[in-house]
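Biologist: Thanks for sitting down with me. Could you walk me through this model and tell me what stands behind each label?

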Amino acid sequence: MKNMRPSDYSLALEDRGMGIPLMFIHGYPLNRNIWKRQWEDLADLVHVIAPDLRGHGESVLAANEARNFYPFSMELLADDCVHVLDILKITQPVILCGLSMGGYISFALYRKYPDRVAGLILAATRSNADSPDARINRQNAVDLVRSSGVQSIVDSMLPRMLAPKTFAENPRLVQQVQDIMLSSTVEGIIGDSLGMKDRPDSTGLLSGIHLPTLILLGAEDQFISTREAEGMHAAIQDSRLVVMPDAGHLLNMEKPELFNHEIRGFINSFFGGKQ
Ligand code: MLT
């Protein structure tokens with residue numbers, strides 16, 4: 001684990017392995033530890049970079065600093081990711097693997113810094129903006145975390161983060177996900193929620209993506225529909241879509257072998273393994 005300090009917060013990240021850089025961007029309200037099975041298994045093939053986004057995990061916001069940055073726009077979080085690459089002196093284009101909000105950030109990063117991106121792995125994510133109802137729910141989440149704290153958000157989301165079967169039968173994984181969610185801060189949850197609420201629709205970007213792209217979705221995802229993943233697959237030329245049975249929103253934690261197998265195949269097909 002490394003720590004680096006942009007101006008307004010101290011940022012923790014996992015930085016291991018050698019080969020083409022692959023940056024894993026976590027979702028909301030999570031942290032880099034969701035990628036543990038990926039960095040353990042894939043660091044022999046790629047250079048894994050997995051930051052804790054601001055307000056999550058071991059990334060620490062300077063006192064009172066978060067308010068100055070509300071909302072944490074997807075563009076701001078993409079800037080943070082590029083800042084990490086700059087500090088690591090990675091100038092070659094990288095593969096981005098974004099889960100859910102991490103996917104929204106990947107689109108923002110590609111939109112602003114297309115030359116920094118070599119390929120996309122879009123896991124449990126969507127290209128469209130929030131619907132009016134989803135925007136109301138974001139504001140409700142902000143109000144809830146302000147009044148009742150992080151636990152209230154965890155209680156409202158945890159059962160939907162995993163496939164129903166995983167949730168019922170794998171208490172260790174449920175506990176692990178709960179611990180990860182609980183390490184989010186109130187500031188991180190507010191910043192992300194307001195940022196996601198106002199994020200632009202990235203659907204128009206899709207037909208212009210001419211990069212190797214892998215789209216992964218759990219068949220039991222309770223946040224992202226198969227229709228949304230199929231829509232991205234249809235719009236991104238030559239993309240591959242894999243819908244994983246018995247997996248929910250956190251498919252990389254629920255089905256790590258299959259998830260990693262798909263990534264390995266993707267890297268070997270398009271990037272020739274180690275570079
Ligand atoms: C995530 O996992 O990042 C969130 O579910 C995304 C969202 O709320 O849109």
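Modeller: Happy to. Let me start with a term: a polar contact is a pair of N or O atoms within 3.5 Å. Please keep in mind that this is a predicted model.

Biologist: What makes His249 a polar contact of the ligand?

Modeller: A polar side-chain atom of His249 lies 2.8 Å from an oxygen atom of the ligand. The cut-off is 3.5 Å, so the pair counts as a polar contact.

Biologist: How do you know that Ser100 and Arg138 make polar contacts too?

Modeller: By the same test. A side-chain N or O atom of Ser100 is 3.0 Å from an oxygen atom of the ligand, and for Arg138 the distance from a side-chain N or O atom to a ligand oxygen is 2.7 Å. Both values are within 3.5 Å, so both pairs qualify. As for cover, the ligand on its own has 270 Å² of accessible area, and the protein covers 95% of it.

Biologist: Which residues are around the ligand?

Modeller: Among them are Gly27, Tyr28, Met101, Tyr104, Arg126, Met196 and Phe223. Tyr28 is also joined to Pro29 by a cis peptide bond, with omega of about -10°. Pro29 sits in the loop between β3 and α1.

Biologist: Now the helices. Why are α3 and α4 called roughly perpendicular?

Modeller: Their axes cross at roughly 75° and come within 8 Å. Angles of 65 to 115 degrees count as roughly perpendicular, so α3 and α4 are given that label.

Biologist: What makes up the contact of α3 with α4?

Modeller: From α3, the residues include Leu77, Ala78 and Val82, and from α4 they include Met101, Tyr104 and Ile105. By class, the contact has 10 nonpolar, no polar and three charged residues.

Biologist: And why is α5 called oblique to α6?

Modeller: Helix α5 (residues 132–148) and helix α6 (residues 150–161) pack at about 130°, with their axes 6 Å apart. That angle is outside 65 to 115 and not over 145, so α5 is oblique to α6. Ala141, Leu144, Val145 and Ser148 in α5 meet Val150, Ser152 and Ile153 in α6. Five residues of this contact are nonpolar, two are polar and none is charged.

Biologist: Which residue has a positive phi although it is not a glycine?

Modeller: That is Ala124, with phi of about 45°. Ala124 is found in the loop between β7 and α5.

Definitions and conventions:
Residues are numbered from 1 along each chain as its sequence is written. This is a predicted model: local features need pLDDT of at least 70, side-chain atom pairs count only at pLDDT 80 or more; totals for chains, interfaces and linings use all residues. Side-chain values use heavy atoms; hydrogens and water are left out. Axes are lines fitted to C-alpha atoms, for helices over the stretch in contact, and angles run from 0 to 180 degrees between N-to-C directions. Helices (H or I, at least four residues) and strands (E, at least two) are DSSP runs, numbered from the N terminus. Angles under 35 degrees count as roughly parallel, over 145 as roughly antiparallel, 65 to 115 as roughly perpendicular and the rest as oblique. Contact means heavy atoms within 4.5 Å. Ala, Val, Leu, Ile, Met, Phe, Trp, Tyr, Cys and Pro count as nonpolar, Asp, Glu, Lys and Arg as charged, and the others, Gly among them, as polar. A residue is near a molecule or strand if one of its heavy atoms lies within 4 Å of it. A polar contact is a pair of N or O atoms within 3.5 Å; within protein, one must be able to donate a hydrogen and the other to accept it, and residues adjacent in sequence count only if both atoms are side-chain atoms. Accessible areas come from the Shrake-Rupley method with a 1.4 Å probe; for residues, only the protein chains shown count as cover.
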